[in-house]
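Got a few minutes to look over a model with me? Here's a quick tour of the parts that caught the eye, sorted by topic.

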Amino acid sequence: MTEKFNLRRIFAWAAGEPVASLARARLGRRRKPINLALQGGGAQGAFTWGVLDALLADGRLDIRGISGASAGAVNAVMLADGLARGGHEEARRRLADFWQATSRAGSLPELQRQVGERLFSAASLPTNSPARAWLDAMSRLLSPYDLNPLNINPLKDLIDRFVDFDALRKCRGLELFLSATDVTTGKLSIFPREKISAEVVMASACVPSLFRAVEIDGNSYWDGGYVGNPVLAPFIQATATEDVLIVQINPLVRDGVPTTPREIVSRVHEITFNAPLLAELRHIAFVTRLIDEGRLPRGLGPGRYRRLNMHRVVLNARDNRLDSAAKLNTDSAYFEALCSLGQKAAREFLDAHFADIGRRGTIELEDEALVQCA
C-alpha cells in the first residue's frame with residue numbers, strides 16, 4: 001500500500017498535480033467529524049472566515065454541527081448555507097463573497113453597505129481615529145430608538161441576499177445553533193436549525209448601541225455574545241461526534257494592565273464576552289469528570305452525555321500584523337489581513353493536532369475550569 005501511494009505521488013508530481021491535494025483526496029474518504037463553535041467579535045469575525053476557509057480547503061474534517069453568536073452567527077449561517085448548497089468549495093465561496101461584499105469596496109447597495117459598516121466598523125476603526133471617537137460619543141448620547149424611530153433595518157435584506165433559509169432549515173445532515181439574549185429576562189435563548197431565519201441572525205448580532213432590539217414571537221433580543229459566546233451545551237447531546245473546535249476571537253490573556261480609557265473599555269468587553277464561554281468550559285469539565293468517574297452514562301439519547309474533546313483556534317492578540325492592519329486605509333484590507341491570520345492559525349492547529357481529533361481534547365479543561373484564588 002505504501003509503495004503504491006509513493007509511486008502515485010511521484011506520478012502526480014510529474015504531472016504537475018499538488019501532492020498536498022492528492023493527500024487530501026485520499027484522506028477525504030475518511031474525514032474526521034467535528035463540531036465548530038464560532039465566537040462573536042465584530043469585524044474580527046473575518047479571522048473566523050480565514051479559519052473556516054483553511055479548514056474547508058484542507059478537506060480532512062467533516063463538519064457535523066455549528067454554533068455561533070453575533071458575527072460568529074453570521075459566519076455560521078454562511079458556512080451552513082454553503083455546505084447545504086454544494087459542500088466545502090461552495091461554503092468557501094459563500095464566506096468570501098459575504099466578507100468581500102460587506103467591505104467598503106464591496107458591491108452591496110448603499111443601505112446594505114451602511115448596515116455592514118455599522119455592524120463591523122466599530123471594531124475595525126483604529127482606537128485613536130476621529131471616527132471611532134465620534135461613534136463612541138454618539139452611542140453614549142443617542143440610542144438606536146432616537147436615531148432610527150421607524151426601525152428601518154436592512155440587515156434582513158443583507159442576510160437574505162446570501163442565505164437560503166428554507167433550504168438551510170431542511171438540511172438534516174448538519175446541526176446549527178445560534179444564541180441570542182432575551183432583553184427582558186436576561187436569559188440565553190438558543191435557536192436550533194429548524195427555527196433559524198434572517199430575524200434570528202439579526203437578533204444574535206444585535207449590538208444594542210447600534211440596533212433596536214429584534215422581536216421574534218413576541219420576545220425581544222440583543223446580541224447573543226452577552227450570554228452564550230458561543231454556546232457549547234447543545235453539543236453534549238446533539239451530534240454523534242465528541243470533538244468541538246472553538247474559534248475564539250476575544251483573547252483570554254493580555255500583557256499588562258490597560259491604562260487609557262479605550263484600553264480599559266476594550267479589556268472590559270473582552271472579559272465580559274469571554275465569561276459565558278469560560279462558564280461553559282467549567283460545566284463541560286465537570287461533566288467530563290463525572291463521566292470518567294462512571295457517575296454519568298456516556299452516549300447519545302435521553303439521560304446520556306457526550307464526553308466532549310475540546311479544541312481551540314484563537315486570534316493572537318500579540319500579533320503585530322493585527323495592529324498594522326487596523327491602520328490600513330480600507331476595511332477590505334483589514335478583513336483580508338484578519339482572514340490571512342485565521343488561515344495561518346487553522347493550518348497550525350491542523351499540523352499540531354489533527355491526529356488528536358477523535359482521540360483526545362487539546363484544551364486542558366481542568367485548567368480552564370479553575371477559579372483563581374487570591
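What follows is a short run through a helix pair, the nonpolar cores, some buried residues and the odd backbone spots. Keep in mind that this is a predicted model.

**The α3/α4 pair**

- Helix α3 covers residues 45–58, and its 14 residues stretch 20 Å from first C-alpha to last, close to the 20 Å expected at 1.5 Å a residue.
- There isn't much of α3 on show: 13 of its 14 residues are buried.
- Right after α3 comes G59, with a positive phi of about 80°.
- α3 packs against α4 at an angle of about 25°, and the two axes sit 9 Å apart. Because that angle is under 35 degrees, α3 counts as roughly parallel to α4.
- The α3/α4 crossing is right-handed.
- On the α3 side, the residues involved are G45, T48, W49, L52 and L56, which meet A71, N75, L79 and L83 of α4.
- An α-helix has 3.6 residues a turn, so residues three or four places apart point the same way.

**Nonpolar cores**

- The largest nonpolar core holds 68 residues, and the ones touching the most other members are L36, I66 and L79. Helix α14 gives this core its largest share, nine residues.
- L36 has plenty of company from beyond its sequence neighbours within four places: L52, L55, I63, G65, I66, S67, L79, F235 and L245 are all in contact with it.
- There's also a second, separate core of 16 residues, with V244, I284, M310 and L365 among them.
- As a general note, nonpolar side chains in soluble globular proteins tend to be buried together.

**Buried residues worth a click**

- A73 sits in helix α4 (residues 71–86). With 0% relative accessibility, under the 20% cut-off, A73 counts as buried.
- Not counting neighbours within four places in sequence, A73 is in contact with G68, L178 and S204. From A73 to V200 it's 127 residues along the sequence but 9.1 Å in space, C-alpha to C-alpha.
- E90 belongs to helix α5 (residues 88–102), and at 17% relative accessibility E90 counts as buried too.
- Beyond its neighbours within four places, E90 is in contact with G82 and R85. The C-alpha atoms of E90 and L56 are 9.7 Å apart, with their positions 34 residues apart in sequence.
- D356 is in the loop between α14 (331–353) and α15 (365–369). Is D356 buried or exposed? Buried, because its relative accessibility is 8%.
- Again leaving out neighbours within four places, D356 is in contact with D243, H311 and T362.

**Backbone oddities**

- Most residues other than glycine have a negative phi, and most peptide bonds are trans. The next few go the other way on one count or the other.
- S70 isn't a glycine, yet its phi is near 55°. You'll find S70 in the loop between β2 (61–68) and α4, and it is buried at 8% relative accessible area.
- D217 is another non-glycine with a positive phi, about 50°. D217 lies in the loop between β5 (214–216) and β6, and with 78% relative accessible area D217 is exposed.
- A cis peptide bond links N229 to P230, with omega about -10°. P230 is in the loop between β6 (219–223) and β7 (243–248).

Terms used: Residues are numbered from 1 along each chain as its sequence is written. This is a predicted model: local features need pLDDT of at least 70, side-chain atom pairs count only at pLDDT 80 or more; totals for chains, interfaces and linings use all residues. Side-chain values use heavy atoms; hydrogens and water are left out. Helices (H or I, at least four residues) and strands (E, at least two) are DSSP runs, numbered from the N terminus. Buried means under 20% relative accessible area, exposed over 50%, partly exposed in between (1.4 Å probe, protein chains only). Contact means heavy atoms within 4.5 Å. The expected span of a helix is 1.5 Å times one less than its number of residues. A nonpolar core is a set of buried Ala, Val, Leu, Ile, Met, Phe, Trp, Tyr and Cys residues joined through side-chain atoms within 4.5 Å. Axes are lines fitted to C-alpha atoms, for helices over the stretch in contact, and angles run from 0 to 180 degrees between N-to-C directions. Angles under 35 degrees count as roughly parallel, over 145 as roughly antiparallel, 65 to 115 as roughly perpendicular and the rest as oblique. A crossing is left-handed if the near helix is turned anticlockwise from the far one by less than a right angle, and right-handed if clockwise.
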